[in-house]
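Let's walk through this structure together, starting with its overall layout and then moving to the details. Please keep the 3D view open as you read.

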Amino acid sequence: MVTVDSTQRTVEVGADWSQDLNPVTRLTFGAAHTKVDYETPLLVGYRESSTFATIERTLAEDTQVSVEARHGRLHPDDL
């Protein structure tokens, strides 16, 4: 087992957009980008981009269903 004590720096930026299609249905789109760096050369930083789309429907006062599609891509920093 190898243990490395290092500071991790994370920067994340993202946005969501939602629209009520009718009183019981909502559509949401979003995207985010994350950048992670480490102080040690033993760990490799990375960038991650992701997007999603969700449709949500209220069936009853205490019941909701949703379907979500997500896509993400991980980009390791060059060594």
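What pattern does the chain follow when read along the sequence? This is a predicted model, and in it the chain follows the pattern β-β-β-β. Put as a count, there are 4 strands and 0 helices in the chain.

A good place to begin is the start of that pattern. Strand β1 covers residues 8-22 and strand β2 covers residues 25-38. The two run antiparallel, and 14 bridges join them. To follow the turn from β1 to β2, look for the hairpin, which joins them through 2 residues. For one pairing to find on your screen, take Gln8: its bridge partner in β2 is Tyr38. As you trace the strands, it helps to remember that in a regular strand the side chains alternate between the two faces of the sheet.

Now step back to the whole chain. Its C-alpha trace spans about 50 × 25 × 15 Å along the principal axes. The radius of gyration is 18 Å, whereas a compact globule of 79 residues would have a value near 12 Å. Buried residues, meaning those under 20% relative accessible area, make up 13% of the 79 residues. Among contacts between residues at least 6 apart in sequence, 44% join residues at least 24 apart.

Finally, let's turn to the surface and the charges. The chain exposes about 6400 Å², with carbon and sulfur atoms supplying 53% of that area. As for charge, there are 13 negative and 7 positive side chains in the chain. The centres of these two sets lie 6 Å apart.

Methods. Residues are numbered from 1 along each chain as its sequence is written. This is a predicted model: local features need pLDDT of at least 70, side-chain atom pairs count only at pLDDT 80 or more; totals for chains, interfaces and linings use all residues. Side-chain values use heavy atoms; hydrogens and water are left out. The radius of gyration is taken over C-alpha atoms; the globule rule is 2.2 Å times the number of residues to the power 0.38. Buried means under 20% relative accessible area, exposed over 50%, partly exposed in between (1.4 Å probe, protein chains only). Contact means heavy atoms within 4.5 Å. Accessible areas come from the Shrake-Rupley method with a 1.4 Å probe; for residues, only the protein chains shown count as cover. Lys and Arg count as positive and Asp and Glu as negative; His and the chain ends are not counted. The place of a charge is taken as NZ of Lys, CZ of Arg, CG of Asp or CD of Glu. Two strands pair if DSSP finds at least two bridges between them.
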